[in-house]
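Please look over the model below before reading on. The paragraphs that follow go from the overall make-up of the fold to its strands and then to its helix contacts.

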Amino acid sequence: MKMVALWLSGVMIASCAQFKAPSDPYRRISSLDAQYNPEDLQQEIRSKYQTIEFTTLSAYEALVQFDEHLDSRPGPLDENPHYAGLLAARAQIEELEHSILDLRDQLYEAGLNADLSIEERLKNIALLRITIPGAKSDLDALLFQHFHEDFISFTKRVLLDLGKVEDEAVKKSLEALYAELNAQFGPLQERKSLQLDWRVLTAKARQNLKENPDWVLARRNYQHLAHEMRADLVGSKQHKQSAPRFFPSAERAGNIVGTEFPAKVWSLTFDDGPGATTSKKVLANLEVHGLKATFFQLISKAKEHASVAKAIREAGMELASHSYTHRQTPKLSLEQRQWEIETAATDLADIHQRPMKFYRLPYGAGVSNGDIRTRIAKANMIHVFWSVDTLDWMAQAPSEIVERTLKQMKASRHDAGVILFHDIHERTVIASEEVMRYLKQDSRRVCTLEEIVSAVNRGSSPCPAN
Ligand SMILES: [Zn+2]
């Protein structure tokens, strides 16, 4: 218990910075419905995990096809028929993760709810165990990669609350849960570096799952969303733009893609951070190479990793908003959209003490939606899409990410564009450093979005060559 106490004190300090938004429109009533059947809940969570597994398989299938298409017909992202499927898979997986975590949080709070009987509370706490995936197969190991960071912070939270609960029975149960999580955590962590062969895995799965109705349903939902996202992507090009100029607008001028940049001008962007350890490594690489990048931050993460967010700001990097919680904006209520776009921008501006001028929709979803684009423009921000997608969110070797990125960069018309990375993965730290080296060759220029926008609007040349 000594080690637990030590860790606990560390967690106590860290948790003061933990963010809880009072007006979060997703927040549900904390205790579970008394009528809720725990077995149903268990089944619901398992089924969600299975759908994540199936959608992950579909994503890797699409990745193989995306790369093959890029090899045979290099061109813009929206001309690659497999790209929307990748956006859809990621959105689908994250949506399922959100709902699993929500169910788990409810169980957790129900476990601590003094209004329920001890028996009920223990039952709820015991159910928490099933929400942590065990790595029995290669696919499980992949799921674990997805949940890894969250798993650690959750375990810490369980531990933290051990110190608060006065009820001996609940306390004992929490201790047992913690011991079990900890025992499971060691072997899982060892499997984290596992390299998987996606061609073999997806071929095998296709063979085994052909007749499985859950697989058929998951595939159908995935394909439906891919279809929607493809329409959104293609729809975003409908507005014509004669002379390129950028300003907040629901039309073409309010959406930067990168294909319209002057020759040899590139913008490096990093989304979904700041990450606890990875962002500082990306920052160090940028400083070594003397480059500036734009960080599209999630507000919840910027508050959770406040010192990292500060370091990025103080290094003179460009900061932009990427919403509060990374949901698919077109699927949200109007109140939730407002929170993700307007409130997020104001709150992030408060954190960094500067207005947010650029916004990026999670998964790019809603880029051709009138209401969503009008909100972004009214909040005085320009939307920023991308022309090169590293697809670094999928588990793979850094060399694969670099190869795919350079192929897209070489296929760009003017050797110019916006590159999309995520500064929350170790593989991204390595891959983005290689891309930085490439960017510094052949008199390419790496500029911030603000530098590019003001130069393009003036008709002059942005930032000096690196
Ligand atoms: Zn994102």
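**A walk through the predicted model**

The two helices named α12 and α13 cross in the right-handed sense. Helix α12 covers residues 334–352 and helix α13 residues 370–378, and the two pack at an angle of about 35° with their axes 9 Å apart. From α12 the contact draws on R337, I341 and E342, and from α13 on I372, R375 and I376. Sorted by class, this contact of α12 with α13 comprises 3 nonpolar and 3 charged residues and no polar ones.

It should be kept in mind that this is a predicted model. The protein contains 16 helices and 9 strands, and 39% of its 466 residues count as buried. Among the contacts in the protein with a separation of 6 or more, 77% are accounted for by residues 24 or more positions apart.

We turn next to the strands. Strand β2, residues 265–273, pairs with β3 in the parallel sense over 4 bridges, and G273 stands opposite Q297 in β3. Strand β3 itself spans residues 294–297, with T294 and F296 pointing one way and F295 and Q297 the other way, and all of these are buried.

Strand β2 also holds W266. Is W266 buried or exposed? W266 is buried, because 25 other C-beta atoms lie within 10 Å, where 20 or more are required for that class. Once its neighbours within four places in sequence are left aside, W266 is in contact with A416, G417, I419, L439, R444, R445 and V446. For one of these partners, R444, the separation from W266 is 178 residues in sequence, while the C-alpha to C-alpha distance in space is 7.3 Å.

The next helix pair is α9 with α15. Helix α9, made of residues 278–289, packs against helix α15, residues 426–439, at an angle of about 15° and with their axes 9 Å apart. Because angles under 35 degrees count as roughly parallel, α9 is described as roughly parallel to α15. The crossing in which α9 passes α15 is right-handed. On the α9 side the residues are T278, K281, V282, N285 and H289, and they meet E426, T428, V429, S432, E433 and M436 in α15. The residues of this contact of α9 with α15 divide into 3 nonpolar, 5 polar and 3 charged.

A further pair brings together α3 and α8. Helix α3, residues 83–112, and α8 pack at an angle of about 120°, and their axes are 8 Å apart. How is α3 placed relative to α8, given that angle? The answer is that α3 is oblique to α8, because the angle lies outside the ranges that count as roughly parallel, roughly antiparallel or roughly perpendicular, the last of these being 65 to 115 degrees. Helix α3 passes α8 in a right-handed crossing. The residues A84, G85, L87, A88, A89, A91 and Q92 in α3 meet N221, Y222, L225, A226, M229, R230 and L233 in α8. By class, the contact of α3 with α8 has 10 nonpolar, 3 polar and 1 charged residues.

One of the α8 residues in that contact, N221, can be followed further. Its place is in helix α8, which runs over residues 213–235, and N221 counts as partly exposed because it has 16 C-beta neighbours inside 10 Å. N221 and T55 are 166 residues apart in sequence, yet their C-alpha atoms are 9.3 Å apart in space.

Methods. Residues are numbered from 1 along each chain as its sequence is written. This is a predicted model: local features need pLDDT of at least 70, side-chain atom pairs count only at pLDDT 80 or more; totals for chains, interfaces and linings use all residues. Axes are lines fitted to C-alpha atoms, for helices over the stretch in contact, and angles run from 0 to 180 degrees between N-to-C directions. Angles under 35 degrees count as roughly parallel, over 145 as roughly antiparallel, 65 to 115 as roughly perpendicular and the rest as oblique. A crossing is left-handed if the near helix is turned anticlockwise from the far one by less than a right angle, and right-handed if clockwise. Two residues are in contact if their C-beta atoms, placed from the backbone, lie within 7 Å. Ala, Val, Leu, Ile, Met, Phe, Trp, Tyr, Cys and Pro count as nonpolar, Asp, Glu, Lys and Arg as charged, and the others, Gly among them, as polar. A residue is buried if 20 or more other C-beta atoms lie within 10 Å of its own, exposed if 12 or fewer, and partly exposed in between; C-beta atoms are placed from the backbone. Two strands pair if DSSP finds at least two bridges between them.
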